[in-house]
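Hi,

Here's the structure I said I'd pass along. Have a look at it first, and my notes on what turned up follow underneath.

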Amino acid sequence: MSIMEVAVTPDSPFATATPLRETAEQRDLRSTVRRFLADTADLPRVRERMLQESPHDPEVWKRLAEDLGLVGLAVPERWGGLSASFADQVIVLEEQGRALYGGAYLSSAVLAPAALLAVSDDAARDRHLPGIASGETLATVVGTSAEGEWSRLDVAASRTAAGWSLTGTASHVPDGSIAELLLVVAATSVGPSVFAVRSGAGVAAEPLPALDQTRGLAVVRLQEAEGELLGAVGEGTAVLAEVLDRAAVAVAAEQLGGSANCLERSVEYLKAREQFGGPIGRFQALKHLCADMYVGVEASRAVVMYAARAFDEDLPDRGAAAAMARSWCSDAYVAAASDTLQMHGGIGYTWESDVHLYFKRATASALWWGDADASRERLASLLLDTGPTGTESHA
């Protein structure tokens, strides 16, 4: 029996009425995405792009949007999307993590639509979501401090005669150097609020050197940039919380895909590499490492699938599920990548090997948007504030 099918007790905060299984349509989606990435964005191409100013590949992006419709996957049909579930989008993210895809999918197809759908502003959605869903507009969310912390805002917005003016710096912004539309969470006198800022006058974005060269990060500096208020003043805290929870699950899905790839690489290498007259996979210690890796991958899949379902069904424990997925998958991916590097020996550390790319992605992803310890602290806080089924406890 798969870990995904193991029943939990009815009073568990992560109880589910039905087993966590993929549908036939989701399996087809996974196969399609995997074939597409293998044909158009394989690791040799990933290596080419990561040496450029941005790892984002416009040609691959165009095909993702036009041929497969994956950019607008989770956008409602009203705004040009496919109205697919978050669980469907998580499958795409998992396959992208497996292939080390370095494009702007996470920022423009996941985070930006999540922010726009969270604000109370249909007119703003009418203006911005169709372009994002079609892939014509690259967008990202800006909600960090100058040091890249999501717990503090260093961008401030003030009213002017013409509208709103934004000034400040945000670091570690995903795909910030190539985004045409910035959805900025900025401090105001009333509280954090969300603004749409177009790249151009008053906006300076520079690529940020990072350990993981397959991920495009940037420092964004705003100097009296013109901003369009989205929703009501003061909505920013709730919008950013929604975006960060979805980001936690999205990154966890990428980490799951990376962990699965590490397991596959390790097994194949242990079967092919010979030492002392036979394949090294016959050594018990290496078998144990692979067994541990398999358990990590299967458990990662279970928590990611549950978290995605929690968002699709708007379950009360979805914040806790997101924190659990993020903390578990971060640790599992780092462990899988480390063990894979160990099993490959010296060759794994060379530039020619792809193993080190997964190790870098695992290490960098584990620290993005807070580390696993921060997620566990949030999980503990949420569970202490709720009853056994995830509803508010007044005890």
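Helix 7 gives the most to the lining of the largest pocket, supplying 6 residues. This is a predicted model, by the way, so please read everything below in that light. Helix 7 spans 236-272, and along with helix 9 (318-344) and helix 11 (372-384) it belongs to the helices that each put at least two residues into that lining.

As for the pocket itself, its volume comes out at about 450 Å³. The lining is made up of 20 residues, and those closest to the pocket's centre are Trp150, Leu244, Trp369, Gly370 and Arg378. What about the chemistry of the lining? The split is 10 nonpolar, 5 polar and 5 charged residues.

I also went through the cysteines. How many disulfides does a search of the whole structure find? The count is 0. Cys290 is in no disulfide, and the nearest cysteine sulfur, in Cys262, lies 11 Å away from it. Cys290 is also buried, since its relative accessible area is 11%, and the cut-off for buried is under 20%.

Cys329 has a similar story to tell. Its closest cysteine sulfur is again the one in Cys262, at 13 Å, which is too far for a bond, because a disulfide needs the two sulfur atoms within 2.5 Å. With a relative accessible area of 1%, Cys329 counts as buried.

That's what I have for now. Shout if anything is unclear.

Cheers

How values were computed:
Residues numbered from 1 in each chain as written. Predicted model: local features only at pLDDT ≥ 70, side-chain atom pairs only at ≥ 80, totals over all residues. Heavy atoms only, no water. Buried < 20%, exposed > 50% of the residue type's maximum accessible area, 1.4 Å probe, protein only. 1 Å grid on protein atoms, 1.4 Å probe; cavity = no way out; pocket = protein on both sides within 12 Å on 5 of 7 lines; lining within 4 Å. Points joined across faces, edges and corners; volume = space filled by probe spheres on them. Helix = DSSP H or I, 4+ residues; strand = E, 2+ residues; numbered from the N terminus. Nonpolar A, V, L, I, M, F, W, Y, C, P; charged D, E, K, R; others polar.
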